[in-house]
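Trainee: I have a model open and I keep tripping over the vocabulary. Could we go through some of the terms together?

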Amino acid sequence: MSRATLYVIPGSHPALAAREMLEHKGIDYKRVDLMPVISRGLLKVMRFPGVTVPSLKIDGRRITGSRGISQALDEIQPDPPLFPADPARRVAVEDAERWGEEVLANATRRILWNAVKRDKAPLRSFIGDARIGVPHGLAVATAAPIIAAEVRINGVTDEAVAADLAAFPGCLDRIDGWIAEGLLGGEAPNAADFQIAAGIGLAMTLQDLRPLIAARPTGGHSKRFVPDFPGDIPPVLPAEWLEPVRAGAA
Ligand SMILES: N[C@@H](CCC(=O)N[C@@H](CS)C(=O)NCC(=O)O)C(=O)O
């Protein structure tokens with residue numbers, strides 16, 4: 001039996017993908033909740049190869065990154081698999097998973113921090129039952145330096161986020177297409193299902209975006225693979241940024 005500890009930040013989408021993958025595999029694990037930014041120093045001290053969450057310690061191995069985790073989980077416990085046995089289908093799932101991480105998850109992370117920069121109060125709704133070492137209200141009240149650091153670390157400029165939103169309808173079309181062709185949303189979940197469902201789950205925490213996503217196959221897909229995504233952000237993004245999303249969803 002594998003012994004696993006998963007390091008997460010409450011509401012982190014790749015961390016939620018990792019949690020769902022561990023649960024899908026039936027691997028027992030301990031979850032450790034970290035505060036953003038502070039997480040970096042702790043993961044470094046613990047000698048992980050990177051400073052982001054999710055980071056997983058399992059069977060003496062230390063892995064940082066949701067895609068490294070999905071690969072390692074299949075090595076450690078092949079059943080049920082996260083990648084198809086057929087080589088061509090495996091490549092297709094790996095490509096979709098990589099897009100989910102490099103394009104979708106980065107865009108939704110930038111959108112999230114831009115919204116939180118405008119109003120930090122909704123951060124509290126992301127913490128849920130997490131044990132972060134300080135009272136949740138205090139964590140939110142003192143979050144300004146953490147938000148400023150995340151904005152810097154993740155390149156959260158207004159220009160980048162306006163561009164992310166302009167590209168977002170294309171992301172939704174791409175995911176709906178993959179669902180229609182059966183690459184995503186099949187009977188047997190794959191690593192791309194979890195990665196992409198989590199990225200969309202984060203986008204759906206924004207009331208600005210939720211109704212536009214919920215009406216599409218990708219909304220149902222996200223709810224199926226990451227059902228308990230925490231967080232709720234009332235409308236906060238500039239109306240002109242949302243125009244392309246509304247037009248693309250119509
Ligand atoms: N591409 C990485 C993303 C890692 C990442 O940026 N994680 C964020 C949370 S979503 C994090 O650790 N943020 C805290 C920080 O960088 O200070 C993955 O899929 O694991």
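Mentor: Sure, let's start with "buried": a residue counts as buried under 20% relative accessible area, as exposed over 50%, and as partly exposed in between (1.4 Å probe, protein chains only). Keep in mind that this is a predicted model, where local features need pLDDT of at least 70, side-chain atom pairs count only at pLDDT 80 or more, and totals for chains, interfaces and linings use all residues. Residues are numbered from 1 along each chain as its sequence is written, and side-chain values use heavy atoms, leaving out hydrogens and water.

Trainee: Which residues in helix 11 are buried?

Mentor: T218, G219, H221, S222 and F225. Helices here are DSSP runs (H or I, at least four residues), numbered from the N terminus.

Trainee: What puts them on the same side of helix 11?

Mentor: They cover an arc of only 165° around the axis, so they sit on the same side of helix 11. That arc is taken from the directions from the helix axis to the C-beta atoms.

Trainee: Why is D176 called buried?

Mentor: D176 has a relative accessible area of 15%, so it counts as buried. D176 belongs to helix 8 and touches R216, P217 and T218, leaving aside residues up to four places away in sequence. Touching means heavy atoms within 4.5 Å.

Trainee: What makes helix 8 roughly perpendicular to helix 11?

Mentor: Helix 8 (residues 158-181) and helix 11 (residues 217-225) pack at an angle of about 70°. Roughly perpendicular covers 65 to 115 degrees, so helix 8 earns that label against helix 11.

Terms used: Axes are lines fitted to C-alpha atoms, for helices over the stretch in contact, and angles run from 0 to 180 degrees between N-to-C directions. Helices (H or I, at least four residues) and strands (E, at least two) are DSSP runs, numbered from the N terminus. Angles under 35 degrees count as roughly parallel, over 145 as roughly antiparallel, 65 to 115 as roughly perpendicular and the rest as oblique.
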